[in-house]
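User: I would like to learn how to read the features of a protein model, one at a time. Could you take me through this one?

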Amino acid sequence: MEIKLLIAIRFFFKRQFVCCFFLLFFINTYSQTSTIKEKKANDSLNNTQKDIADLLRKGFLKKNIGKADTTLRQKGKLYPSIFPAAGYTLHTKFLGSISANGAFYVDDPDKVNLSVINLSVTYTQNRQFYLPIISNIWTKKNKYNFLGKWVYFNYRELTYGLGGHTELMKAIPLNYNYILIQETALKNIRPDFFVGIGYNLDYHWDIKEIIPADSMTDFKYYGFTNNSSSSAITLSILYDNRRNPINPPKGHYVNIVYRSNLKQIGSDQNWQSMLFDFRRYYKISDSNNNVLALWSYNWITLSGNPPYLDLPSTMWDTYVNQGRGYIQSRFKGKKLLALESEYRFTLTHNGLLGAVVFANVQSVSDWPSGGFNVFWPGVGAGIRMKANKHSNTNISIDYGIGRGGSGGIFANLGEVF
């Protein structure tokens, strides 16, 4: 039975490359049947909804906080959210962080998607410092979409080696500094359908494995260096009919990115990769805000040998969320395949509290064979609290568990995907 299941899963992944183009055509055609009336129904704010600010006004801070903001979606109005947090994981030990986002519409909310800028600062007991700035900006009538990510890491992480047969207890500490830059400009060519070009840079320096000098690791076998640079031109295809990327009530998201790293523009070596990011959101009923969300995240090295720290790896997606239940960098290989599903439901009629249950599975290719031989599932549940009802931003706190004793708490400002 297990052999048949593995064969079926492999068959599915092998066909994704071909099917994605048919999927793009289908959802683009299907989406054009949606009306402005439906868009308003999806995104309009229910006056009965409450968020944390409403709770504070009603409680002990009501004398110090002004009147409740009952304004519905407005062009040019900023909807900020902030989330201070403390926590503990095996990867970081104790940590403190502050996450914030600002959401706004540059045009009539019924004619443009919600733009979002995310910023967070994290410092941990392991002396890890993490500062990302992530932007998703839509121009008037969605003619252009500008995507950006700038991150500075001063990092200590655990590396487990290459492939799907690595063990949690055989981790090796790894220190490095890291700057990541990603900028993409996309142009609308059909409703909700975009093509674009961008630039990516991954630069690591002061890389050190905390092991005896004569020890051999997968990093050394693969090709250890004290610094590495991957400089690339990217070509992107995007389909996105979600009006609110922070917390979509329904819709499709398809992002396909071809990345070509070239020595001519500063890369240490030539190598190419593809990213396939597919998401689908189903609103269960018009009488509630419950949503079934599906995510397929696939990161494939096409040719060449990326630097070890630039290989596809767990939780190195844009928002560091893929693979809840496993520590960041837990699995690493030249190819990564991942599926995730999540059911989101409300606990209170006013939308202040909600919850989720989720399940996922991932696999990385073994090295040097390149085969997919082990699949790692994860499951979990989480609580949601409304941080801003106008942008529909939730504070998300999840607990996930995986195989082999893996597990942890995962916190976000906004939904995981």
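**Reading the model, feature by feature**

Analyst: Over the whole structure, the search finds one cavity of 30 Å³ or more. Please keep in mind throughout that this is a predicted model.

User: What is the volume of the largest cavity, and which residues line it?

Analyst: A cavity is a space where a probe fits but cannot get out. Here the largest cavity has a volume of about 50 Å³, and its lining consists of Trp295, Ser296, Tyr297, Gln322, Gly323, Ala338, Leu339, Glu340, Asn360, Val361 and Gln362. The elements that give two or more residues to this lining are β11, β12 and β13 (353-364).

User: Before we look closer, how many helices and strands does the chain have, and what percentage of its residues is buried?

Analyst: The secondary structure comes to four helices and 16 strands. Of the 417 residues in the chain, 50% are buried, and the chain exposes about 20,100 Å², with carbon and sulfur atoms supplying 62% of that area. As for how the chain folds back on itself, among contacts between residues at least 6 apart in sequence, 59% join residues at least 24 apart.

User: Which elements give two or more residues to the largest nonpolar core?

Analyst: A nonpolar core is a set of buried residues of certain kinds, joined through side-chain atoms. The largest one in this model has 33 residues, and those with the most contacts inside it are Phe153, Tyr176, Tyr297 and Tyr308. The elements giving two or more residues to this core are β5 (144-159), β6 (172-190), α4 (218-223), β10 (271-283), β11 (291-303) and β12, and the largest share, five residues, comes from β11. Apart from this core lies another, of twelve residues, among them Tyr79, Tyr105, Val112 and Trp138.

User: What does Phe153 touch, if residues up to four places away in sequence are not counted?

Analyst: With those residues set aside, Phe153 touches Phe129, Tyr130, Tyr176, Asn177, Tyr178 and Trp316. Tyr176, in that list of contacts, is also one of the residues with the most contacts inside the largest core.

User: Let us turn to acidic residues: is Glu342 buried or exposed, and why?

Analyst: The label depends on relative accessible area, and buried means under 20%. Glu342 counts as buried because its relative accessibility is 1%. Glu342 is found in strand β12 (residues 335-346), and its side chain is joined to that of Arg324 by a polar contact of 2.7 Å. Leaving aside neighbours within four places in sequence, Glu342 is in contact with Val291, Leu292, Ala293, Arg324, Val356, Val357, Phe358, Arg384, Glu415 and Phe417.

User: Where is Asp240 found, and which residue is joined to its side chain by a polar contact of 2.9 Å?

Analyst: Asp240 is found in strand β8 (residues 228-240), and with 2% relative accessibility Asp240 therefore counts as buried. The polar contact of 2.9 Å joins the side chains of Asp240 and Arg242. Apart from neighbours within four places in sequence, Asp240 is in contact with Asn113, Trp138, Asp192, His252 and Tyr253. Asp240 and Arg279 are 39 residues apart in sequence, and their C-alpha atoms are 9.4 Å apart in space.

User: In which loops are Arg127 and Asn142 found, and are they buried or exposed?

Analyst: Both examples concern the backbone angle phi. Arg127 has a positive phi, near 60°, in a residue other than glycine, and Asn142, also not a glycine, has a positive phi of about 60°. Arg127 is in the loop between β3 (115-124) and β4 (129-138) and counts as exposed because its relative accessibility is 65%. Asn142 is in the loop between β4 and β5 and counts as buried because its relative accessibility is 8%.

User: Which residues are joined by a cis peptide bond?

Analyst: The cis peptide bond joins Trp367 and Pro368, with omega about 5°. Pro368 is found in the loop between β13 and β14 (376-388).

User: Finally, where is Lys50 placed, and what does Lys50 touch?

Analyst: Lys50 is in the loop between α2 (36-43) and α3 (52-58), and at 36% relative accessibility Lys50 counts as partly exposed. Not counting residues up to four places away in sequence, Lys50 touches Asn350, Gly351, Leu352, Lys386 and Lys389. Lys50 and Lys389 are 339 residues apart along the chain, with their C-alpha atoms separated by 6.4 Å.

How values were computed: Residues numbered from 1 in each chain as written. Predicted model: local features only at pLDDT ≥ 70, side-chain atom pairs only at ≥ 80, totals over all residues. Heavy atoms only, no water. Buried < 20%, exposed > 50% of the residue type's maximum accessible area, 1.4 Å probe, protein only. Polar contact = N/O pair within 3.5 Å; in protein donor to acceptor, adjacent residues only side chain to side chain. Contact = heavy atoms within 4.5 Å. Core = buried A, V, L, I, M, F, W, Y, C linked by side-chain atoms within 4.5 Å. Areas by Shrake-Rupley, 256 points an atom, 1.4 Å probe, with all protein chains shown as cover. 1 Å grid on protein atoms, 1.4 Å probe; cavity = no way out; pocket = protein on both sides within 12 Å on 5 of 7 lines; lining within 4 Å. Points joined across faces, edges and corners; volume = space filled by probe spheres on them.
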